[in-house]
Amino acid sequence: MRTSKHILFSEWVVIVAFAVMVIGTFTQVVCRYVLDFSLPWMDELSRYCLVYMVFVGMVITLVRGQHVTVDLLLDRYSARLRPIALTFIDVASAVLFGVLLYGGVLLMQLTAGQTTSGMGMPKYMVYAAIPLGAILMLIEFGLRIYRRHSAPQPS
């Protein structure tokens, strides 16, 4: 299976955010307990990396099939009905992420003039993780529906 560009992008964002979070947390621990001073912005940076890991990383778990699912009813559907049920689930999920996208954009607009306390960066950059993750999920749901209905159907 070919990996989509948005998945590769998501993986790199998560890898970089995780590396920054680990290095930042380690640095903060060393500074606080060994050198007896703390870097207040380091805690904030690690927290924001975690936010991006969650919202961007959710598309990776979806593609890999690692999201929690309840297949009790899906396993009972016939081969003809199963793709219809899966499409319904994907469309319902896409609607949810459409709402999340809309709310994330509103939150970015609401916080456009604010800055973070430790790093002094615009807060909308922190909240941009929400619409970014929602867009990536919407792309994946669209691709899943397209692949499911463009593939040859079993006879």
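## Helix α2 and the salt bridges around D90

Helix α2 covers residues 40–64, and at 1.5 Å a residue its 25 residues should span 36 Å; the C-alpha atoms at its two ends are 36 Å apart, so expectation and model agree. Please keep in mind that this is a predicted model.

Let's follow α2 a little further. The helix bends by about 35° at G57. G57 is also among the buried residues of α2. Its neighbours in that list include V56 and M58. Which other residues of α2 are buried? They are M42, E44, S46, Y48, C49, M53, V59, I60 and L62. As a general point, an α-helix has 3.6 residues a turn, so residues three or four places apart point the same way.

What do the buried residues of α2 pack against? Their partners are α1 (5–33), α3 (82–110), α4 (123–127) and α5 (129–150). After α2 comes G65, and the phi of G65 is positive, near 75°.

Two of those partner helices, α3 and α5, lead us to the charged pairs. Side chains of opposite charge can pair when their charged atoms come close. How many salt bridges does the structure hold? There are five, and the table gives three of them, with N to O distances.

| Acidic residue | Basic residue | N to O distance |
|---|---|---|
| D90 | R144 | 3.4 Å |
| D90 | R148 | 2.8 Å |
| E140 | R147 | 3.6 Å |

D90 appears in two of these rows, paired with R144 and with R148. Together, D90, R144 and R148 are linked in a network of salt bridges.

Where do the members of the D90–R144 pair lie? D90 belongs to helix α3 and R144 to helix α5, so their salt bridge ties together parts that are 54 residues apart in sequence. The pair of D90 and R148 likewise links distant parts of the chain, with D90 in helix α3 and R148 in helix α5, 58 residues apart.

Is D90 buried or exposed? Its relative accessible area is 3%, so D90 counts as buried. R148 is buried as well, whereas R144, at 24% relative accessibility, is partly exposed.

The salt bridge between the side chains of E140 and R147 also joins a buried residue to a partly exposed one. E140 has a relative accessible area of 4% and is therefore buried. R147, in turn, counts as partly exposed because its relative accessibility is 35%.

Terms used:
Residues are numbered from 1 along each chain as its sequence is written. This is a predicted model: local features need pLDDT of at least 70, side-chain atom pairs count only at pLDDT 80 or more; totals for chains, interfaces and linings use all residues. Side-chain values use heavy atoms; hydrogens and water are left out. Helices (H or I, at least four residues) and strands (E, at least two) are DSSP runs, numbered from the N terminus. The expected span of a helix is 1.5 Å times one less than its number of residues. The bend at a residue is the angle between axes fitted to the seven residues ending there and the seven starting there. Buried means under 20% relative accessible area, exposed over 50%, partly exposed in between (1.4 Å probe, protein chains only). Contact means heavy atoms within 4.5 Å. A salt bridge is a side-chain nitrogen of Lys or Arg within 4 Å of a carboxyl oxygen of Asp or Glu.
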